There are 2 protein chains.
Amino acid sequence: MNKGAAGTRASPTRATPRTLGFVILTLFMLSCAASQTLAVAEQHVTDESARWADPLPSWNNTAAKARIINFVEAVTDPENPGYFAPEERIATFDNDGTLWVEQPLYAELAFAIYRIEILARAHPEWKSVDLLRALLTSDMQSMLALGNRVPIEVIVASHTGMSTTMFDTIVREWMHNARHPRFERPYTELTYQPQLELLAFLRVNGFKTYIVCSGTVEFMRPWAGEAYGIRPDQVIGTSVDTVYEVQGGKASLLRLPEIYLVGDASGKPVGIQKHIGQRPILAFGNSDGDFEMLQWTTQGSGGERLGLVLHHDDAKREYAYDRESNVGRLDKALDAADESGWVVVSMKNDWNSVFAD
Amino acid sequence: MNKGAAGTRASPTRATPRTLGFVILTLFMLSCAASQTLAVAEQHVTDESARWADPLPSWNNTAAKARIINFVEAVTDPENPGYFAPEERIATFDNDGTLWVEQPLYAELAFAIYRIEILARAHPEWKSVDLLRALLTSDMQSMLALGNRVPIEVIVASHTGMSTTMFDTIVREWMHNARHPRFERPYTELTYQPQLELLAFLRVNGFKTYIVCSGTVEFMRPWAGEAYGIRPDQVIGTSVDTVYEVQGGKASLLRLPEIYLVGDASGKPVGIQKHIGQRPILAFGNSDGDFEMLQWTTQGSGGERLGLVLHHDDAKREYAYDRESNVGRLDKALDAADESGWVVVSMKNDWNSVFAD
């Protein structure tokens, strides 16, 4: 656009000394980069395991991994008919059950229960709402019956009525303190290592990576950067509305008890279009809530597209569930995978590790 | 996240030759980069105008330009108390009247009139809607009275009822064929050259640049990349809702006659939070519709923040208007600029060119 501006921050009146400084700095950086490249190269050559050269070390060398690598090679190779320019390389990932553990209860639902327990004293009327009463009495059966999504009543009760800044702090605190009931680790340590490698591999290859979740974006944004390397504006999902307020000269955004988008099922393509404005060329999900996102992605015209479905079949290292599960049910999407050409990734067979150590 | 994956697309079994190729390619690229840097440096030193060193050549050397350059130097200098990490460098720009011409009529309103004229034959009932009748009879006074925004009725009539793909094509075609009534050039040639330089300067300095417009995102996305270097997902504004449909095995998103966000006034901070999830550190507007965005940006805590207001005071090269104008009225924001520390940019005095040649 304005190539003259590239690399300079100098004011025009002080151009020459700055320019020389810039040249010296650049040469210094280039020489550093060169020696670093050589050091890395040496490591490549001498490391017998050749682990550095494998972009997906936690993936076993199975058909699923080959499909992913072949796809990325095809779309990044200008000579290949499946080539996509970098700005077209959009990859969308579901979160719960695709990037981190969703059993036995969504992290966001655990968070909502924590919040509702704190707030319940000030809200005696909640006892007359079936869902909230179930949460407050720890009626696990009712909670599990909630199915694929944290219900709107629960989001409204637990996620609204405060400023956006305050909610961000509440989420960060909870995420720091909460522990998963089985693994007894913070939820952010229960992200899947193979998926972190895949996200990094895609980004290195020019992809822009997005989360498209059925949970709320405001619950994910405070930690998605650190956990996944995904910026707040690349998280798409359910969200609560806000209103702009100025009180005592101080501006804030108040979170209202109104849901403005539900990021599940057919809401996923809608959210993708609203937010990204481009059709993905890769989508990764794990449940029927991802069916439409996978369909929308892989039916796009032009070039190759890749749909991936994570199958939780590993009770030992994580959980085994599919067609009968209330949380993360995988039924319709499993049936459709074959004829749609989607890759079903077996946690048990395709991943050699599940969590980072 | 997974540093081992960086820079490699090789399959594990073919690591060594690929790695050597990578090293050779990198060294070649480094040597090219080094000689190019030297060539550019030479140009810097020998070019008496030192134009290459000026990141904002279409800006005169006035206080406004100095404020911008000082701000960018401060936020990018880790030694400076006003430093912001790259991921915090969010800049938001209004579009109409800030990045391109908005007089005598918003481009999107001209587009809507064109659409409504085509569609009117099939919609005799539109004659009973005051606004639509005014458009169809070219009643300029009524059109100008529409004020700061294309009315919702007009957007519904002209922008909905087709698939997202079809709408994209309609916008591209119109943009290719339409001409501005005074300048007789395509609207996309009536973007402001000084602003293109500013956008590039910010991006070179690690900023992520967004458009936050009162127009619809779907009208802007098809051409914002080429015109401004801004990707579709970095355009925020008014939008129409869509529904996901599969007919005859083919998926599409149908644009519904429902508006889901109005990106003006207090809708701007709301849209920024929804979409970006971070508070900007720089905002640039030109009308009262940008007041809240400027306020939200510059009231943020931590470090320096920059609010900028473009004042259209150049009837010769463009237009002169402010407090009395129906299109892009600048009144409240002009009054607030002084006490808020916002920089009022005079088109006449601060810019040495307005449009690219």
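Which residue of β3(B) stands opposite Ile211(B)? In the predicted model examined here, the partner of Ile211(B) is Val235(B). This position belongs to the pairing of β2(B) with strand β3 of chain B, residues 235-247, in which the two strands run in the parallel sense over 3 bridges. Strand β2(B) is also paired with strand β1 of chain B, which spans residues 90-93. The β1(B) and β2(B) strands are likewise parallel and are joined by 4 bridges. Within that pairing, Ile90(B) stands opposite Lys208(B) of β2(B).

The strand that takes part in both pairings is mostly covered. Strand β2 of chain B comprises residues 208-216, and 9 of its 9 residues are buried. For Cys213(B), the relative accessibility is 1%, and the residue therefore counts as buried, the limit being under 20%. In chain A, Cys213(A) is also assigned to the buried class, because its relative accessibility is 1%. A search for disulfides across all chains of the structure returned 0. A disulfide is a covalent bond between the sulfur atoms of two cysteines.

Burial was also examined in a helix of chain B. Helix α11(B), formed by residues 291-298, is mostly covered, with 7 of its 8 residues buried. The buried positions are Phe291(B), Glu292(B), Met293(B), Leu294(B), Gln295(B), Trp296(B) and Thr297(B).

The pockets of the model were considered next. The volume of the largest pocket is about 1,300 Å³. Its lining consists of 44 residues, of which Asp168(A), Arg172(A), Pro222(A), Gly277(B) and Gln278(B) are the closest to the centre of the pocket. Three elements of chain A, namely α7 (164-177), α9 (217-228) and β4 (250-261), each supply at least two residues of this lining. Helix α9(A) gives the most, with 8 residues. By residue class, the lining of the largest pocket divides into 17 nonpolar, 14 polar and 13 charged residues.

The second largest pocket has a volume of about 940 Å³. It is lined by 34 residues, and those closest to its centre are Gly277(A), Gln278(A), Arg279(A), Asp168(B) and Arg172(B). Here at least two lining residues come from each of α7 (164-177), α9 (217-228) and β4 (250-261) of chain B. The largest share, 7 residues, is provided by α9(B). The lining of the second largest pocket is made up of 11 nonpolar, 12 polar and 11 charged residues.

Salt bridges were then surveyed, and 24 were found over all chains of the structure. One of them joins the side chains of Arg172(A) and Asp168(A), with an N to O distance of 2.6 Å. Both residues lie in helix α7 of chain A, where they are 4 residues apart, about one turn of the helix. An α-helix has 3.6 residues a turn, so residues three or four places apart point the same way. Arg172(A) has a relative accessibility of 45% and therefore counts as partly exposed, while Asp168(A) is placed in the partly exposed class because its relative accessible area is 26%. Arg172(A) and Asp168(A) are also among the residues closest to the centre of the largest pocket.

In chain B, a salt bridge of 2.7 Å, N to O, connects the side chains of Arg172(B) and Asp168(B). These two residues lie 4 residues apart in helix α7 of chain B, about one turn of the helix. With a relative accessibility of 47%, Arg172(B) counts as partly exposed, and Asp168(B), at a relative accessible area of 26%, is partly exposed. Elsewhere, salt bridges that share partners link Asp94(A), Lys268(A) and Asp290(A) into one network.

A further salt bridge in chain A is formed by the side chains of Glu189(A) and Arg185(A), at 3.2 Å, N to O. Glu189(A) is partly exposed, with 38% relative accessibility. Arg185(A), with a relative accessible area of 23%, is partly exposed because this value is not under the 20% limit for burial and not over 50%.

How values were computed. Residues numbered from 1 in each chain as written. Chains lettered and ligands numbered in written order. Predicted model: local features only at pLDDT ≥ 70, side-chain atom pairs only at ≥ 80, totals over all residues. Heavy atoms only, no water. Disulfide = S-S within 2.5 Å. Buried < 20%, exposed > 50% of the residue type's maximum accessible area, 1.4 Å probe, protein only. Pairing = 2+ DSSP bridges. 1 Å grid on protein atoms, 1.4 Å probe; cavity = no way out; pocket = protein on both sides within 12 Å on 5 of 7 lines; lining within 4 Å. Points joined across faces, edges and corners; volume = space filled by probe spheres on them. Nonpolar A, V, L, I, M, F, W, Y, C, P; charged D, E, K, R; others polar. Salt bridge = Lys/Arg side-chain N within 4 Å of Asp/Glu carboxyl O.
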